[in-house]
Each structure stands twice: as structure tokens, then as C-alpha cells.
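I opened a fresh notebook page for this chain. My plan was to go from the whole fold down to single residues.

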Amino acid sequence: MTRRRVLIIGAAGRDFHNFNVVFREDETHEVVGFTAAQIPNIDDRRYPAALAGKLYPEGIPIFPEDDLEKVIADLKVDECVFSYSDVSYDHVGHISARCNAAGADFRLLGTRDTMLKAKVPVIAVCAVRTGCGKSQTSRWVAKALQDMGKKVVAVRHPMPYGDLAKQAVQRFAKVEDMDEHECTFEEREEYESHIKEGNVIYAGVDYGAILEQAQEECDVLIWDGGNNDWPFYTPDLWITVADPLRAGHETKYFPGEVNFRAAQVICINKAERATAEEVKAVQDAAAKLNPSATVIRCASKVSVADPDAVKGKKVLCIEDGPTLTHGGMTFGAAQVAAETFGAAEVVDPRPHFKGSIQTTYETYPHIGKLLPAMGYFEEQIADLKATIDAVECDLILVGTPFDLAANVELGKPAQRVNYVLDPFADDPSLLDELKKVVA
């Protein structure tokens, strides 16, 4: 029987997982390639034979998404499988039209076929958009479980930007492990806070192999989602974080709406900064789309070591890169801290953007007067440092979830902004929801 020729459209994460779980051992389909988008320098490489399985002894090529039509024609593709996250429905529709116009079918895989079942309870923390507050929610959940006497391991959505074969299964238990695995800034943003709070965290490429190892050393597994993707593991409790400052996005971005509709708990984070109307809009959407979900309002509380040092100062705000870029946010924790603690001015770094940082701004001009902590590759880190050096300011506020100063010589006084989840006391208890799972 002729195998159906498949092209997987991705961004170095969900795409590899979909291949591993659905197609790797499927003799009725042949994956002839991947395309790559969103992340720089991840195209023009191969998915390695060591991970691709016996049906793919030479591995699988990866092409730029910009060449989609040419790839479909050259490889005689029958079917394109869309496999990346935090994109508008317009974006998904346009990709579909490009595939269909080139002659290929277009397909979205569902949750049932792409989730793996663990033998320990799984609590998934997902979101409707990048930058809603998944990381602080995951940390809150981990701490609550530890206080119950449970051993917790977190598994993070993939960010495999280096040698894929070497990154098949990654385990991080100490900060030095991130150096050993040559982690990018974007990886450090997700791993470091777990490590410093005493949690083991896994990531990588082969999430079946990761699950086999991770579930052996925990009582409860936390799925720490990426972007607004749904879990790779079947959750016993599905928590979705929504952002009232982007009310309405829960039904405008893929696959965040899947998380919103499937969740057992919806956390409306940043509720202390939103208007009553914005919070109510998310509550109304939950009542309409997922009436059985428990809805909990939460605050995202920011702090710095020395608030008095911020007051009256001209500050440079450095923020989490993905939150500002494909997350679409126009502010972050550093800007919130600048406003909260009375900075005189947020300095505009745009006249000083260097190299790839300028390219990032041209791609995402909504970033405005903030500096995204981009660090996918060495040259980008150098451009980030050169930009910081060129900006005149009294103080740098660092809103990244990892210690940027430990990885880049800032050269100016700096304070790191911390932010924690704080559920509203008069709403249903998130702790009670966790207790139901681990009981």
C-alpha cells in the first residue's frame, strides 16, 4: 500500500511530539519533512535518525515555513499537519489556504491521539496565551503539593533549539545542569525558578522517554505548558490560566481556546490590574464555553529587593522575550514594577537596538519601549548586551523569570523583579482542587 506523504508544520516542539506519538511507527503514513517558524535558526537541519525510528534511517529534513508551497510540490506532499501554538485563527486559516492551494490536505491532530497516559497523577498548567502566568502558577502548585508531603517533578513543554539527539531527555536538578545542556535564555526562563525552589524539571524531545523516567521519581507530575499549547500528558487536573488584560483572546488564538474549553480550573490571573469589566468578560466566556469549570481570580504580585531604589529613577525595563514577541504583550513584570514603585521614566531603548534585537523589533513593533531578553544564540546574546550598554539609565529592572545578571554583564545597577501567584481568598480554593487529585 502506498504510504500517505505527510509534512508537519511546526516550531521545534509540538511538531516533534506529534511525529513521535502519531507517525513514528505508522506504516500507512510517511513524514517527508518538517517546516519551522517562530524561532530563529531552527530550520535547515534534520530530525535525527536516532529519534526518528526504524522507518526513517536517514532522519527527516526540516525546511523554512516560508518555502511551504515549494516543499509541498517538491516532496509531493499529500497532507500537512499543523503543529505549533499561540497563533491567531487567521494565521491557522492562511496556512491552511496555502496548503490547500498547493494541493495538499490540511489537518489538526486532537488531544486524544497526542496525549500520553502517566501512572502517577498529572496536574497540567496551560494558558490561553503566552505570558498569562503559567510559570508562577506552576510554582504555586508545586509548593502546595510539597507542603502536602508530595514529591513533585515538573515536565516542561519542549524548547529543543540545539542538538536534538543529545536533547532527547533532559533532567535539571541544579543550576549547573543548565550550563551542561547549553540552555538558551528562553530555556533558563522556564527551568531556573523550578530548580531554585527545589524541584526537578525535565524537558527535551522524546516525551514518551521523558515520561518513563520522570514518573519514577515523583508522587505527582506537573505538566508546565509552553505558549498556549495543550498538555502532552493526559491530565488528572487541567488548569488553564487566562489574562483579563487580553480579554477575548481565549477565543481568538489557537490552541488556547482548547485549553479554555477543556480546563477543570480556570485561573484569571492579573485580576488585580484589570478592570471589573475585563475580569467579567473572561468570567462570562468561561460560563458560556466551559460552565463546569471552577473559576478562580488571582493576583500576580510583583516585588523587588529595594523598592526605594526604583523611586524617581530613569529605568530600562528588560522583559521575558517570548511574552513580548509571539505572546503579543505590550508590557511585562519590569514595567509593572516601574509603575508600582514609582520610577520617574521608562527609558526608550529603541534608538539603541543592535543587530538581531533590531530585527526582533521590526518583526514585533508592538514591543515599544521595552527590551526583550532574546538569547536563542550567541550572536543574539551579544546584541542584547550591546543594546544594554548603549542605553543611558539610572537602573535596570529585569523582569525575566531567570537571573539575567548571572548570564550577561549588565554594567549598570539592576534589580530583579519577582512575581508570584496569589489566589483571591473569597474565590473557590485552588488548594482544594489539588487535594481532590492527590487524595
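My entries follow, from overall shape to local detail.

**Entry 1: the model**

I noted at the outset that this is a predicted model. I looked up the secondary structure and found 16 helices and 22 strands. Next I checked the radius of gyration. It is 21 Å, while the globule rule gives 22 Å for 439 residues, so the chain is as compact as a globular protein of that length. I then took the box along the principal axes. The C-alpha atoms fill roughly 70 × 50 × 40 Å.

**Entry 2: burial, contacts and charge**

I asked what share of the residues is buried. The figure is 60% of the 439 residues. The exposed area of the chain is about 17,200 Å². Carbon and sulfur atoms supply 48% of that area.

I looked at sequence separation in the contacts. I took those between residues at least 6 apart in sequence, and 79% of them join residues at least 24 apart.

I also looked up the charges. The chain carries 47 positive and 68 negative side chains. The centres of the two sets lie 3 Å apart.

**Entry 3: the open sheet**

I traced a sheet of six strands. It is open, with mixed pairing, and its order is β3-β4-β2-β1-β5-β7. Which strands sit at the edges? They are β3 (46–47) and β7 (105–107), each of which pairs on one side only.

Inside this sheet I checked β1 against β2. Residues 4–10 form β1 and residues 29–36 form β2; the two run parallel and are joined by seven bridges. I picked out one position there: Leu7 stands opposite Gly33 in β2.

**Entry 4: strand β12**

I turned to β12 and asked how many of its residues are buried. The count is five of five, so I logged the strand as mostly covered. I then looked at which way the residues point. Val220, Ile222 and Asp224 point one way, and Leu221 and Trp223 point the other way. All of them are buried.

I looked up the pairing of β12 as well. Strand β8 (residues 122–127) pairs with β12 in the parallel sense over four bridges. In that pairing, Val122 has Leu221 as its bridge partner. Strand β9 (residues 152–156) also pairs with β12 in the parallel sense, over five bridges. There I found Val155 opposite Trp223.

**Entry 5: His194**

I located His194 in helix α8 (residues 185–196). Is His194 buried or exposed? Its relative accessibility is 1%, under the 20% cut-off, so it counts as buried. I listed what it touches beyond four places in sequence: Ser138, Ala154, Asn199, Ile201 and Asp224. I had already met Asp224 as one of the residues pointing from β12.

**Entry 6: β15, β16, β22 and Asn269**

I followed β15 to its partner. Four bridges join β15 to strand β16 (residues 294–303), and the two run parallel. Ile266 stands opposite Val295 in β16. On to β22 (residues 418–423): this strand pairs with β16 in the antiparallel sense over six bridges. Cys298 stands opposite Pro423 there.

Then I checked Asn269, in the loop between β15 (265–268) and α11 (276–289). Its relative accessibility is 0%, and it counts as buried. Its contacts beyond four places in sequence include Cys132, Gly133, Gln136, Asp243, Cys298 and Leu421.

**Entry 7: backbone checks**

I kept a general rule in mind: most residues other than glycine have a negative phi, and most peptide bonds are trans. I logged the departures I looked up.

Phe254 and Pro255 are joined by a cis peptide bond, with omega about -5°. Pro255 is found in the loop between β14 (253–254) and α10 (256–262).

Lys76 has a phi near 50°, a positive value. I placed Lys76 in the loop between α3 (68–74) and β5 (79–83). Its relative accessible area is 61%, and it is exposed.

For Asn227, phi is also positive, near 50°. Asn227 sits in the loop between β12 (220–224) and β13 (237–242). At 16% relative accessibility, Asn227 is buried, whereas Lys76 is exposed.

Methods: Residues numbered from 1 in each chain as written. Predicted model: local features only at pLDDT ≥ 70, side-chain atom pairs only at ≥ 80, totals over all residues. Heavy atoms only, no water. Rg over C-alpha atoms; globule rule 2.2 N^0.38 Å. Buried < 20%, exposed > 50% of the residue type's maximum accessible area, 1.4 Å probe, protein only. Contact = heavy atoms within 4.5 Å. Areas by Shrake-Rupley, 256 points an atom, 1.4 Å probe, with all protein chains shown as cover. Lys, Arg positive; Asp, Glu negative; His and termini not counted. Charge placed at Lys NZ, Arg CZ, Asp CG, Glu CD. Pairing = 2+ DSSP bridges.
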